[in-house]
Amino acid sequence: MHSYPSTEELLRIGIDVGIENPRRIRYVFEMRDVADERRVAHGFVRVGCVSLADFTPRDFPADVLTFARRIHELAADQTE
């Protein structure tokens, strides 16, 4: 967190999704004030996939990996 926005400020939140490996996805985010482009916060979260039975690492389902690979195309389609 770089600065604390007031409740009246409108923020633009950007998220980038990347595949670190078939078992881990990384979400990078940045929040900026719409009025003056001031960066309010940035960071990342890593998400892993494990087996529900014993919590051993496992690959994400193919649909999840396909979506993560296509997220940039899908975001571009929304802006057109």
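Biologist: Is R46 buried, partly exposed or exposed, and what is the relative accessible area of this residue?
Modeller: The answer is read from a predicted model, in which the class of a residue depends on its relative accessible area, with buried meaning under 20% and exposed meaning over 50%. R46 falls between these two limits, so this residue counts as partly exposed, and its relative accessible area is 45%.

Biologist: Which residue meets the side chain of R46 in a salt bridge, and where in the chain do the two partners lie?
Modeller: The side chain of R46 meets the side chain of E20, with a distance of 3.2 Å from N to O. The pair links distant parts of the chain, 26 residues apart, because E20 belongs to strand β1 and R46 belongs to strand β3. The partner asked for is therefore E20, and the two elements are β1 for E20 and β3 for R46.

Biologist: With which other residue does E20 form a salt bridge, the closest N and O atoms being 3.1 Å apart?
Modeller: E20 is partly exposed, with a relative accessible area of 31%, and the partner in this second salt bridge is likewise partly exposed, with a relative accessible area of 30%. The residue that forms this salt bridge with E20, with its closest N and O atoms 3.1 Å apart, is R24.

Biologist: Which residue is the bridge partner of R24 of β2, and how many bridges join β1 to β2?
Modeller: R24 in β2 is the bridge partner of N21. The strands β1 and β2 run antiparallel, and they form a hairpin with 2 residues between them. The partner is thus N21, and the number of bridges that join β1 to β2 is 10.

Biologist: Over how many bridges do β2 and β3 pair, and which residues of β3 stand opposite V28 and E30?
Modeller: The strands β2 and β3 pair in the antiparallel sense, and the number of bridges is 9. Going through the two positions in turn, V28 stands opposite F44 in β3, while E30 stands opposite H42 in β3. The residues asked for are F44 and H42.

Biologist: Which residue in the hairpin of β2 and β3 takes a positive phi near 60 degrees?
Modeller: This hairpin has 5 residues between the strands, and the residue in question lies in the loop between β2 and β3. At 38% relative accessibility the residue counts as partly exposed, and its positive phi is found in a residue other than glycine. The residue is E37.

Biologist: Where does F55 lie, and what is the relative accessibility of this residue?
Modeller: F55 also has a positive phi near 60 degrees in a residue other than glycine, and F55 lies in the loop between β3 and α1, the latter being residues 62-79. The limit for the exposed class is over 50%, so F55 counts as exposed, with a relative accessibility of 62%.

Biologist: Is D33 buried or exposed, and which residue has the backbone nitrogen that the side chain of D33 reaches at 2.7 Å?
Modeller: D33 lies in strand β2, and because its relative accessible area of 5% is below the limit of 20%, D33 is buried. Leaving out residues up to four places away in sequence, D33 touches E9, L10, L11, R38 and V40. The backbone nitrogen that the side chain of D33 reaches at 2.7 Å belongs to A35.

Biologist: How many residues apart in sequence are the parts that the salt bridge of R38 and E9 ties together?
Modeller: The side chains of R38 and E9 meet at 2.4 Å, N to O, and both residues also take part in a network of salt bridges that links E9, D33, D36 and R38. R38 lies in the loop between β2 and β3, whereas E9 lies in the segment before β1, so the separation in sequence is 29 residues.

Biologist: Which residues make the nonpolar surface patch of about 440 Å²?
Modeller: The elements that give two or more residues to this patch are β1, residues 11-21, and β3, residues 39-48. Y27, another member of the patch, lies in strand β2 and is partly exposed, with a relative accessible area of 34%. The residues that make the patch are I13, I15, Y27, V45 and V47.

Technical notes. Residues numbered from 1 in each chain as written. Predicted model: local features only at pLDDT ≥ 70, side-chain atom pairs only at ≥ 80, totals over all residues. Heavy atoms only, no water. Patch = residues over 30% accessible without salt bridge, like charges linked within 9 Å, V, L, I, M, F, W, Y side chains within 5 Å. Areas by Shrake-Rupley, 256 points an atom, 1.4 Å probe, with all protein chains shown as cover. Salt bridge = Lys/Arg side-chain N within 4 Å of Asp/Glu carboxyl O. Helix = DSSP H or I, 4+ residues; strand = E, 2+ residues; numbered from the N terminus. Buried < 20%, exposed > 50% of the residue type's maximum accessible area, 1.4 Å probe, protein only. Pairing = 2+ DSSP bridges. Polar contact = N/O pair within 3.5 Å; in protein donor to acceptor, adjacent residues only side chain to side chain. Contact = heavy atoms within 4.5 Å.
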